[in-house]
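Dear colleague,

Please find the structure for your review below. I would be grateful if you could read the notes after it with the model open beside you.

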Amino acid sequence: MKNIDSYTHVRGESVYLDDIPLVNGTLFASVYDSPVAHGKIKSLHLDEAMKMPGVVRIFTATDIPGENQIGGIIADEELLASTHVHFCGMPVALVIATSDEAAKAAVKKIKMEIEPLPIITDPREAKEKNELIIPPRTFQLGDTTTAWSKCDHIFEGQTETNGQEHLYIETQGAYAVPQENSAIRIYSSTQGPTQVQRSTARVLNMPMNYIEVDTTRLGGGFGGKEDQATTWGVLCALAAYHLKKPVKYSLHRMEDMRMTGKRHPYSSDFKIGLDKEYNILAYEAIFYQNAGAAADLSPAVLERTLFHCTNSYFIPNVKATAYSCRTNLPPNTAFRGFGGPQGMFVIEAAIAKAAEKLNISPIVIQQQNLLRTGDEFPYGQIAQSEANECWEKAVELYDLNKLQQEVTDYNSKNKLSKRGLALMPICFGISFTKTLMNQARALVHVYTDGSVGISTAGVEMGQGLNTKILQVAAAIFSINPERIKVNTTNTYRVANTSPTAASASSDLNGKATEIACLAILQRLKEVAAEEWKTEVGSVKIKEDWVFVNDKQTDWIWNKLVQTAFVKRVSLSEHAHYAPPGIWFDATKEKGHPFTYHVYGTAITTVTIDCLRGIYEVDSVKIVHDFGKSMNPIIDIGQCEGALVQGIGWMTMEEILYDKEGKLKSNALSTYKVPDIYSVPKEISIHFLETEKDNLAIFRSKAVGEPPLMYGIGAYFALHNAVKAFNPSAIISFDAPMTPEKVLMSLYQQ
Ligand code: MTE
Ligand code: LUZ
Ligand code: MOS
């Protein structure tokens with residue numbers, strides 16, 4: 001089935017926040033944000049701004065009726081700065097005016113006097129000064145201290161990975177509309193409607209049942225709207241609450257880039273030990289996460305870095321420690337992969353360094369240490385592995401020997417252009433690492449004309465969730481998909497939702513939908529069984545028709561539904577799903593946190609221009625573990641999109657803050673994302689065929705995030721291409737590998 005949104009997308013008819021018709025009298029908001037990264041507010045001058053045409057009111061922290069607090073995991077983040085500012089871009093005042101332009105013009109007239117305080121932008125410096133968001137955490141397996149003595153080779157090193165701007169096409173925003181009895185409806189471009197609802201209730205000191213959050217779809221989220229859509233929803237609600245008028249705020253791209261957090265940059269240390277056969281016997285890593293000025297989701301991201309610190313390898317002795325370091329940058333947040341990619345880059349760098357020193361191909365070490373079924377992860381879960389299956393299939397299907405030979409031949413024939421090749425295996429755990437978040441609900445109504453309406457906890461953000469939900473209902477009922485409509489995500493219809501994140505939303509919401517549909521189907525079958533005086537088990541619905549004992553009857557779906565209604569049988573169901581078997585004990589750092597893992601292998605080849613340092617990704621050839629894909633078109637799209645986003649992070653996207661904590665790469669003119677010219681010339685994706693059981697919806701594994709990590713292969717392919725030109729180059733593991741860095745290392749002495 002095609003993505004059900006493709007028709008309206010192509011015609012420009014899909015509804016995003018900016019397409020919602022405005023209620024008469026709607027006002028517009030704009031934020032005055034701190035120009036300084038750290039300081040004490042001495043005075044705030046609003047008079048000039050108040051005099052600007054169209055300005056209705058300016059709100060500050062003192063106008064908050066409830067708590068001035070939007071921190072989710074830790075209550076450490078003010079909605080509007082009260083006495084101190086902690087990062088450039090921190091909201092201080094909210095201007096409300098009769099037009100968007102008037103609000104933005106007035107913001108420019110606000111002045112603030114600040115007593116400067118020391119600014120930290122570097123996570124290692126923050127750790128030195130004991131500026132930690134949470135106490136450090138350590139995952140351990142075996143005993144590294146005794147293992148080092150058994151190693152024949154030991155290597156150490158340091159790595160850096162930079163942040164990444166989400167660059168969802170639709171910027172952050174919200175539209176709050178007052179309702180009767182002081183209730184508020186908020187249209188929000190959020191991955192987490194419940195997060196917006198909960199924070200609004202807290203800030204306005206109102207019960208949650210008075211706050212309705214409604215989301216049709218997002219023009220992309222990528223994690224950036226998991227937590228950080230909340231600010232804008234709450235700010236609009238705050239103004240609507242006081243003014244009793246609808247208030248809208250849709251951020252300008254530069255406001256969005258400046259004020260919101262990004263992927264966490266990490267600085268890390270590693271130590272790796274191998275025996276003579278290149279088995280990795282021991283691995284130690286220390287991760288310094290640049291959390292920014294408040295916790296946001298950093299503790300959860302930190303945890304996933306530890307979960308994925310050995311990627312798809314089995315290492316018997318592991319010790320990994322992670323520090324969440326508080327700096328004066330905007331609080332960093334969820335981004336596709338959620339700390340996993342940062343952990344996986346470090347082990348790949350460690351393997352690359354070992355291979356370089358041992359003068360062998362990293363492929364030898366990678367293959368030798370792939371996880372097998374029955375191996376233990378450092379957090380205690382036992383692997384049900386497809387790592388070898390994916391790797392071997394990729395090597396055979398894409399003829400790795402031939403690819404390697406082509407690279408060698410090319411490099412011997414070309415002096416000023418070199419090729420590099422790298423393999424990148426992946427392993428990603430599916431489930432929120434916080435066990436309680438793994439739950440979802442669905443509300444299914446069958447109407448008397450036979451049409452079906454579905455609401456779930458999941459948010460459509462381009463990933464095709466609604467299509468998959470619709471497929472689930474169509475398959476369970478066995479009716480024409482055109483009878484089914486998936487509705488907006490709304491906290492009045494489905495409550496207490498987890499954000500749409502962790503790649504798990506088709507599993508969680510799909511299974512809740514399945515349960516709801518099965519319950520209704522059971523009741524409908526009972527109605528038919530009564531009519532034909534037979535057992536429920538003899539009744540089936542096949543492609544809209546009722547069958548009894550495998551014989552088609554003259555009852556079509558509508559007739560069945562109408563008869564059930566006449567007999568006063570419920571045609572609605574609200575179902576709950578929580579995946580079984582997952583748990584985690586944070587006091588021991590052991591458990592079984594994931595319902596399953598997703599595996600895969602990518603072979604990446606690149607060509608660099610050794611005069612200019614520019615490069616092309618020639619091909620990425622993937623074997624990916626989709627389980628039994630329920631929608632190959634959507635899943636291939638997710639795989640391609642995630643891969644390109646991963647390549648962007650590893651090669652060209654360069655977030656730059658100056659020492660004062662000011663974002664330099666604050667617009668699309670200074671921040672480069674992959675375009676059509678920089679995507680791989682060829683992407684091949686092969687579905688690993690497996691008949692194994694798993695806990696995914698219809699056995700179709702989660703696909704949203706895992707393929708992003710294939711992008712790491714592009715970094716190491718570039719590394720190898722540089723080495724082909726300049727074998728003595730000592731390339732630091734410092735991503736992204738921009739053309740500038742390639743050029744410098746080509747001619748490094
Ligand atoms: N695909 C599109 N087109 N747009 C997005 O914003 N977000 C990604 C991924 N794919 C995203 C996307 C992220 S970060 C996640 S966690 C998953 O989709 C969430 O959706 P899922 O749980 O339905 O896979
Ligand atoms: N969000 C979250 C996530 O809150 N917990 C997670 O484990 C997670 N994993 C991936 C992406 N978002
Ligand atoms: Mo995705 S980082 O879980 O929103």
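The notes that follow describe the surroundings of the two ligands, one after the other. Please keep in mind that this is a predicted model.

Ligand 1

There are 17 residues around ligand 1, and those that come nearest are Gly221, Phe222, Met461, Ser505 and Gln638. Two of these also offer polar backbone atoms to the ligand: an oxygen atom of ligand 1 lies 2.7 Å from one in Gly221, and an oxygen atom of ligand 1 lies 3.0 Å from one in Phe222. For Ser503, a backbone N or O atom is 3.4 Å from an oxygen atom of ligand 1. On its own, ligand 1 exposes 520 Å², of which the protein buries 93%. By class, its shell comprises five nonpolar, 10 polar and two charged residues.

Ligand 2

Which residues surround ligand 2? They are Glu226, Arg304, Phe338, Phe432, Thr433, Met437, Ala501, Ala502 and Glu705. Side chains provide two of the polar contacts: a nitrogen atom of ligand 2 is 2.8 Å from an N or O atom in the side chain of Glu226, and a nitrogen atom of ligand 2 is 2.9 Å from an N or O atom in the side chain of Arg304. Thr433 contributes through its backbone, with an N or O atom 2.9 Å from an oxygen atom of ligand 2. Taken alone, ligand 2 has 290 Å² of accessible area, and the protein covers 97% of that. The shell around ligand 2 consists of five nonpolar residues, one polar residue and three charged residues.

Yours sincerely

Notes
Residues numbered from 1 in each chain as written. Chains lettered and ligands numbered in written order. Predicted model: local features only at pLDDT ≥ 70, side-chain atom pairs only at ≥ 80, totals over all residues. Heavy atoms only, no water. Near = heavy atom within 4 Å. Polar contact = N/O pair within 3.5 Å; in protein donor to acceptor, adjacent residues only side chain to side chain. Areas by Shrake-Rupley, 256 points an atom, 1.4 Å probe, with all protein chains shown as cover. Nonpolar A, V, L, I, M, F, W, Y, C, P; charged D, E, K, R; others polar.
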